[in-house]
Amino acid sequence: MVSLLVVKVLKTSHSHIASQVSHFFTFVKVLETPDVFFWGNGKNNLRNFPYIFFLLFISSLYNLASLELRENLLTYLPDSLTQLRRLEELDLGNNEIYNLPESIGALLHLKDLWLDGNQLSELPQEIGNLKNLLCLDVSENRLERLPEEISGLTSLTDLVISQNLLEMIPDGIGKLKKLSILKVDQNRLTQLPEAVGDCESLTELVLTENRLLTLPKSIGKLKKLNNLNADRNKLVSLPKEIGGCCSLTVFCVRDNRLTRIPAEVSQATELHVLDVAGNRLLHLPLSLTALKLKALWLSDNQSQPLLTFQTDTDHTTGEKILTCVLLPQLPSEPTCQENLPRCGALESLVNDVPDEAWNERAVNRVSAIRFLEDERDEEDNETRTLLRRATPHPGELKNMKKTVENLRNDMNAAKGLDSNKNEVNHAIDRVTTSV
């Protein structure tokens, strides 16, 4: 039997491992490639597999560097995983894990950890022990908070916590000096901590579909930030410090409640795309003309990425401004954006209408269109004003058109000819009879 101490990669995703235990170990005996272990011919379901045997097998793989258990209907992780001291990649995505064991903090060599698509409501404090972790993905869970100990992930470059229930981000986020990508879209954030400005390596910040009213002033300290997306929030203002993001190339604040854009945004000299559609802007600052914009979006119906602007004067402040045919913007109807991503537009619309309104509408509802079966029904419903009539056949319409054209010709020929009056009258009678 080949020694299991040299196996480095174990993949069981999309596999069928509900077979007998004897078959499992028979496969191990014929294993000839020492550094890669792959098993896949269907979909996994570790619920139907003698899980204890599988875990005993894994715990013996002391040199295992990569373990992939994605889409296996796992509900928990055993402490025996901590024996994989050399593990660098652990993929547990799209399972049904409700709790992450504290022992996860013992995997000190871990660099990539995928926990997306599970049922986690919290992360253990011990996760802060993973000093070598580079990528952490906990998106599509039920997280309501992040532990302050997340500040211990000093090597982290990618943090993805999209589609959770977070209402705040701990101040410890500012300790992540190497963090490059931070995605917290589709949560319930009402504010960002000032500490986010200390993430000096941040290049991409995605805040889409939260409940933010404003952005922290410290955001201007993010000198390497090139992509900032805060679409579909409740922003009423932007800090003038936004101009400090000197590397910013794409800035999106679509579908918010902004009434003005600070003139300082022009200090972000690398800005190429500015999306402010769906706001309540009255005008734009004249300073935007100093930028080399490739796209400036003001409306969903905008056909060109750039428009023709005119200069004007703000009568309130006396400063020069830019305006165009799409300004001022009209406020859009509320869409209950916090419910749309998960519930759908139709369900959101129904839920937003109170029961009393539905009852009142039901009482006052009147059917305006009636269908009559015969002449007797028509006599019984004389009070009904909107009736359905038979639609003429296309052939009949063609004949009617021809008849009217003949009438027009007859009338033109009869002009000035009193002797032909009777013929015209006859033609009119003929049209009336045909119709």
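Reader: How many helices and strands does the protein chain have?
Author: The protein chain has eight helices and 16 strands. Keep in mind that this is a predicted model.

Reader: Okay, and what share of the residues is buried?
Author: Of the 435 residues in the protein chain, 41% are buried.

Reader: What about the surface, how much does the chain expose?
Author: About 24,400 Å² is exposed by the protein chain, and carbon and sulfur atoms supply 51% of that.

Reader: Switching topic: how many disulfides are there in the whole structure?
Author: Zero turn up in a search of the whole structure.

Reader: And is C252 buried or exposed?
Author: C252 is buried, with a relative accessible area of 11%. C324 counts as buried too, at 6% relative accessibility.

Reader: Now the charged pairs. How many salt bridges does the structure hold?
Author: Six salt bridges. One of them joins E209 and R232, whose closest N and O atoms are 3.1 Å apart.

Reader: Where do E209 and R232 lie?
Author: E209 is in the loop between β9 (204-206) and β10 (227-229), while R232 is in the loop between β10 and β11 (250-252). The pair therefore ties together parts that are 23 residues apart in sequence.

Reader: Is E209 buried or exposed?
Author: E209 is buried, with a relative accessible area of 16%. Its partner R232 is partly exposed, at 28%.

Reader: What does R254 meet in a salt bridge?
Author: The side chain of R254 meets that of D275, at 2.9 Å from N to O. R254 lies in the loop between β11 and β12 (273-275) and D275 in strand β12, so this pair ties together parts that are 21 residues apart in sequence. Both R254 and D275 are buried.

Reader: And how far apart are R254 and D300, N to O?
Author: Those side chains meet in a salt bridge at 2.2 Å, N to O. This pair links distant parts of the chain, with R254 in the loop between β11 and β12 and D300 in the loop between β14 (295-297) and β15 (310-313), 46 residues apart.

Reader: Is D300 buried or exposed?
Author: D300 is exposed, with a relative accessible area of 60%, whereas R254 counts as buried at 16%.

Reader: Which residues do salt bridges that share partners join into one network?
Author: R70, D91 and D116 are joined that way.

Reader: Last one: which contacts join residues at least 24 apart?
Author: Counting contacts in the protein chain between residues at least 6 apart in sequence, 34% join residues at least 24 apart.

Conventions
Residues are numbered from 1 along each chain as its sequence is written. This is a predicted model: local features need pLDDT of at least 70, side-chain atom pairs count only at pLDDT 80 or more; totals for chains, interfaces and linings use all residues. Side-chain values use heavy atoms; hydrogens and water are left out. A disulfide is a pair of cysteine sulfur atoms within 2.5 Å. Buried means under 20% relative accessible area, exposed over 50%, partly exposed in between (1.4 Å probe, protein chains only). Helices (H or I, at least four residues) and strands (E, at least two) are DSSP runs, numbered from the N terminus. Contact means heavy atoms within 4.5 Å. Accessible areas come from the Shrake-Rupley method with a 1.4 Å probe; for residues, only the protein chains shown count as cover. A salt bridge is a side-chain nitrogen of Lys or Arg within 4 Å of a carboxyl oxygen of Asp or Glu.
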